[in-house]
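Biologist: I would like to learn how to read the surroundings of a bound ligand. Could you walk me through it?

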Amino acid sequence: MTKRALVTGVTGQDGAYLAKLLLDKGYMVYGLHARRATDTLWRLRYLDILDRVHLLEGDLTDLASTIRSMVKSEADEVYNLGAQSFVATSWMQPILTGYVTGLGAVNMLEAIRLTNPKARFYQASTSEMFGKIQEPMQSESTPFYPRSPYGVAKLYAHWMTVNYRESFGMHASSGILFNHESPLRGIEFVTRKVTDAVARIKLGKQKELRLGNIDAKRDWGYAGDYVKAMWLMLQQNAPDDFVVATGRTTTVRDMCRIAFERVGLNYEQHVVIDEKFFRPAEVEVLLGNPAKAKEKLGWEATTKLETLRHMMVDAELERGRREG
Ligand code: NAP
Ligand code: G4F
């Protein structure tokens, strides 16, 4: 029988890659699609899957939307990727972030509980929950200490996922994913902001790149690898929580250097530090321990940071040349 999946946040970076993965596996894919005045479907077009994803209009903050999406999709597997996911914005819109990123997950869990409690649920948890890190390498047993309204909202959603698993026996799993990037990353996130600037500088359209704290360190992987871990979690007999990471951490500075060097430029001649991009509370360093995912899911990150940076710069140059 054809499996049916519902993906919230289907128009986002991960939603698009996950929808493609599921379609390639023969799933019928439904996507919760929040109405926007501007075009948000470009990623589905980029991957050439727009006509194969069944879009269901709705918003995560609206319980009726989540219930209706469960009824219409008759989903066996639900991937909750929808969120206000930009950390910096969460200080400007803490309440909206709480509604969408925190309560939105509970609206989805309630919809499943009311319509089909046997459906399997994936929650997009995050390394931001570790925030002010309590151990040098973060694993499933590391205590949490979120540092932003986004991290706090995600931690609420994370614990609600655990709670629904323990209270109602639901197959609800949480993927604690460290940063993952791709040519489909939103332009406001630092890796894509950098590759966009690298291409524009190389093509003579821009001179400088303004950044905030370039000493921050992140464990960066490739989104195409990470969506495989999401799917694997829902194929396990029992629900559980998994850290998904590469096990290597790099400064924003070095990530920048790699991208500039791809086109023969020196980042030091173009990067300008701008206070505007510093955060009220920073997550200085993240480094994940993916041992459990490797052992239990057979999952491993396969794309090196250098390969990822080159892939993103090359995609950006192609975009830049196309747009003229
Ligand atoms: P993204 O590109 O920002 O995508 C977020 C998605 O959520 C978009 O499709 C967006 O729709 C949708 N959305 C926003 N508000 C909504 C609402 N009120 N109702 C329904 N949908 C709504 O994020 P991503 O990088 O793909 O990440 C996917 C998920 O993983 C997010 O939950 C994120 O917090 C989490 N996560 C990401 C990373 C990472 O490094 N990428 C790491 C850990 C966890 P529009 O396009 O219409 O705005
Ligand atoms: O790319 P970022 O905005 O990603 P951040 O804050 O780590 O969050 C991303 O990863 C999380 C997983 O750990 C996800 F949960 C979350 O949804 C999102 O996908 O910033 C990365 C680092 C930060 O330390 C930031 O302060 O880069 C630093 N940075 C320095 N200059 C900058 C800039 N970040 C941005 N966005 N823009 C800058 O100009």
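Modeller: Happily; we will take the two ligands in turn, keeping in mind that this is a predicted model.

Biologist: Which residues come nearest to ligand 2?

Modeller: Start with the shell, counting a residue if one of its heavy atoms lies within 4 Å. For ligand 2 that gives 24 residues, and T126, S127, Y150, R279 and E282 come nearest.

Biologist: Next, polar contacts. Which side chains have a polar atom 2.7 Å from an oxygen atom of ligand 2?

Modeller: Look for pairs of N or O atoms within 3.5 Å. Y150 places a polar side-chain atom 2.7 Å from a ligand 2 oxygen, and N179 does so at 2.7 Å too. For R185, a side-chain N or O atom is 2.9 Å from an oxygen of ligand 2.

Biologist: How much of ligand 2 does the protein bury?

Modeller: Taken alone, ligand 2 exposes 710 Å², and the protein buries 96% of that. Its shell draws at least three residues from each of domain 1 (4-180 + 220-244) and domain 2 (186-219 + 249-285 + 303-323).

Biologist: Now ligand 1. Which residues are closest there?

Modeller: Among 25 surrounding residues, the closest are T11, D14, S85, Y150 and K154. A polar backbone atom of D14 is 2.8 Å from a ligand 1 oxygen. The side chain of D59 has an N or O atom 2.9 Å from a nitrogen of ligand 1.

Biologist: Which element gives the most to the shell around ligand 1?

Modeller: That is β5, with three residues. By class, this shell holds nine nonpolar, eleven polar and five charged residues.

Conventions
Residues are numbered from 1 along each chain as its sequence is written. Chains are lettered from A and ligands numbered from 1 in the order in which they are written. This is a predicted model: local features need pLDDT of at least 70, side-chain atom pairs count only at pLDDT 80 or more; totals for chains, interfaces and linings use all residues. Side-chain values use heavy atoms; hydrogens and water are left out. A polar contact is a pair of N or O atoms within 3.5 Å; within protein, one must be able to donate a hydrogen and the other to accept it, and residues adjacent in sequence count only if both atoms are side-chain atoms. Accessible areas come from the Shrake-Rupley method with a 1.4 Å probe; for residues, only the protein chains shown count as cover. Domain bounds come from an automatic or database domain assignment. Helices (H or I, at least four residues) and strands (E, at least two) are DSSP runs, numbered from the N terminus. Ala, Val, Leu, Ile, Met, Phe, Trp, Tyr, Cys and Pro count as nonpolar, Asp, Glu, Lys and Arg as charged, and the others, Gly among them, as polar.
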